[in-house]
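Colleague: I would like to learn how to read a structure, starting with backbone angles and ending with a ligand site. Could you take me through one?

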Amino acid sequence: MTERRPTSDELRAIDRRHVWHPYTPIDRWEQPGREPPVIDRAEGVYYVTREGRRLLDGFGSWWVCNLGHGYPRVRDAVRAQLDRMAHVAIAGVVHEPAAVLAERLCAAAPPGLTRAFYSDNGSTSVEVAIRAAFQFFQQNDQPKRRRFVSLEGAYHGDTIGAVSVGGIPLFHERFGPLTFETLRAPTPAGGHGPHWHVEAFAALETLMRDNASELAAVVIEPLVQGAAGMLMYPPSYLRSLRALCDELGVFLIADEVFVGFGRTGTLFACEQAEITPDFLCLSKGLTAGVLPFAATLTTERVYDGFRGSADRTLFYGHSYCGHPLGCAAALAVLDAFEHDDVLDNAAARSLQMQAWAQQMKGRPGVADARVTGTVAAVQIGGDSDYTQTVGEKIVGEAFDRGAWLRPLGNVVYLVPALTITAAQLDELLAITTAAVDAALTDAG
Ligand SMILES: *Cc1c(COP(=O)(O)O)cnc(C)c1O
């Protein structure tokens, strides 16, 4: 006898009693009459509800599913690894998936990155870089270098360390007393004119020169500041920043947790600026959403800075560091990028998105529409404000039409699987256009 499965309504009731959802205002979530979908399966670019309704996944399952859902290579690799070994503590032992993955990640990454430190999510991949950068200078004759520079609107995760270098007031301000102080530079993206990134860089340069002897590292999201509202800026900013960091002896931490693994059109966003950061933080697309997993790549110079007596060790780690299943998933993701024309498809889909964005720009109520790689964003009215409700309205309208999106204030964005077909993307774009029109008509 198999046990009877709870019905959708029963599941909603259980959820309401016991689940605390992330980034979810409770009263709005519990509003009477609100019936969140119960998702039963996910296939390719679709979620399938308990009732069999198919919803186009327009937000890459919270930005992680770069290869869609259930990508065969990844699924098969994880299954095979599960039969062999699911866990071994990576301290004190060697295992094949971790060793081979480190070698392949270093080969795929910008030249000069030779070491991989494993952890289990995007926030920890940044935390590792912050700790290593700080400790490096402490124990290598530059103890005054203790400060970090980050950008307005930055999002680097939700641990206290990652929040310290974050710059989104609604998420981060409350934790001010618990965080360490960082220097904040203006965002190079945003609605201040086409050359704003040049002015923003000049401001960053002044800030860095004024504090040069105290700086440990600059932390950035290359090309797209995701959580800030998919704010975009050109590779030239990264090139200038790399040169400035070199001149001032400051580490550059590239947080590619979101933009890595093809999202901006190249495997890593830093490639477009032809730079190598001192730390490259990877998660999300690294395992195509199959397992929580992360890696922080760094250079031989940084690694060598931890040699010597035992007290120079990086005393940092997590129970799931180098998890064999995560490694297996990541190896299969690298295979997909090498053998399955993922980036070619993404390039074609990016053109489709760019044509759509041009057309969205002219619509009433639309302040801006922008595309980098396969990230598309439409901004409604003034500045991004997470608490504005127009985004939620658009999401509701899209849901009624068969697509699942998430609001980011007054920005509606699309980060579909890089493997989405032309026809599926056309449908997603049409739904989004209709949802924007309906929400704005409704509002006006
Ligand atoms: C999502 C994200 C993180 C945090 O990753 P988690 O796995 O959610 O901890 C860090 N940096 C960037 C740029 C992100 O988009």
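Modeller: We will go through two backbone angles and then the ligand. Keep in mind that this is a predicted model.

Colleague: Where is Tyr 23 found?

Modeller: Tyr 23 is in the loop between helix H1 (8-18) and helix H2 (26-29). Its phi is near 50°, a positive value in a residue other than glycine.

Colleague: Which phi does Ser 61 have, and where is its place?

Modeller: The phi of Ser 61 is also positive, near 50°, and this residue is not glycine either. Ser 61 sits in helix H3, residues 60-63.

Colleague: Is Ser 61 buried or exposed?

Modeller: Buried means under 20% relative accessible area. Ser 61 has 18%, so it counts as buried. Tyr 23, at 30% relative accessibility, counts as partly exposed.

Colleague: Now the ligand. Which residues are around it?

Modeller: Among them are Trp 63, Tyr 155, His 156, Glu 221, Phe 258 and Lys 284. The shell divides into four nonpolar, five polar and three charged residues.

Colleague: Which side chains have a polar atom lying a short way from an oxygen or nitrogen atom of the ligand?

Modeller: For a polar contact, look for a pair of N or O atoms within 3.5 Å. In Asn 121, a side-chain N or O atom is 3.2 Å from a ligand oxygen. In Ser 123, a polar side-chain atom is 2.5 Å from an oxygen atom of the ligand. Asp 255 has a polar side-chain atom 2.6 Å from a ligand nitrogen.

Colleague: How much of the ligand does the protein cover?

Modeller: On its own the ligand has 380 Å² of accessible area, and the protein covers 83% of that.

Technical notes. Residues are numbered from 1 along each chain as its sequence is written. This is a predicted model: local features need pLDDT of at least 70, side-chain atom pairs count only at pLDDT 80 or more; totals for chains, interfaces and linings use all residues. Side-chain values use heavy atoms; hydrogens and water are left out. Helices (H or I, at least four residues) and strands (E, at least two) are DSSP runs, numbered from the N terminus. Buried means under 20% relative accessible area, exposed over 50%, partly exposed in between (1.4 Å probe, protein chains only). A residue is near a molecule or strand if one of its heavy atoms lies within 4 Å of it. A polar contact is a pair of N or O atoms within 3.5 Å; within protein, one must be able to donate a hydrogen and the other to accept it, and residues adjacent in sequence count only if both atoms are side-chain atoms. Accessible areas come from the Shrake-Rupley method with a 1.4 Å probe; for residues, only the protein chains shown count as cover. Ala, Val, Leu, Ile, Met, Phe, Trp, Tyr, Cys and Pro count as nonpolar, Asp, Glu, Lys and Arg as charged, and the others, Gly among them, as polar.
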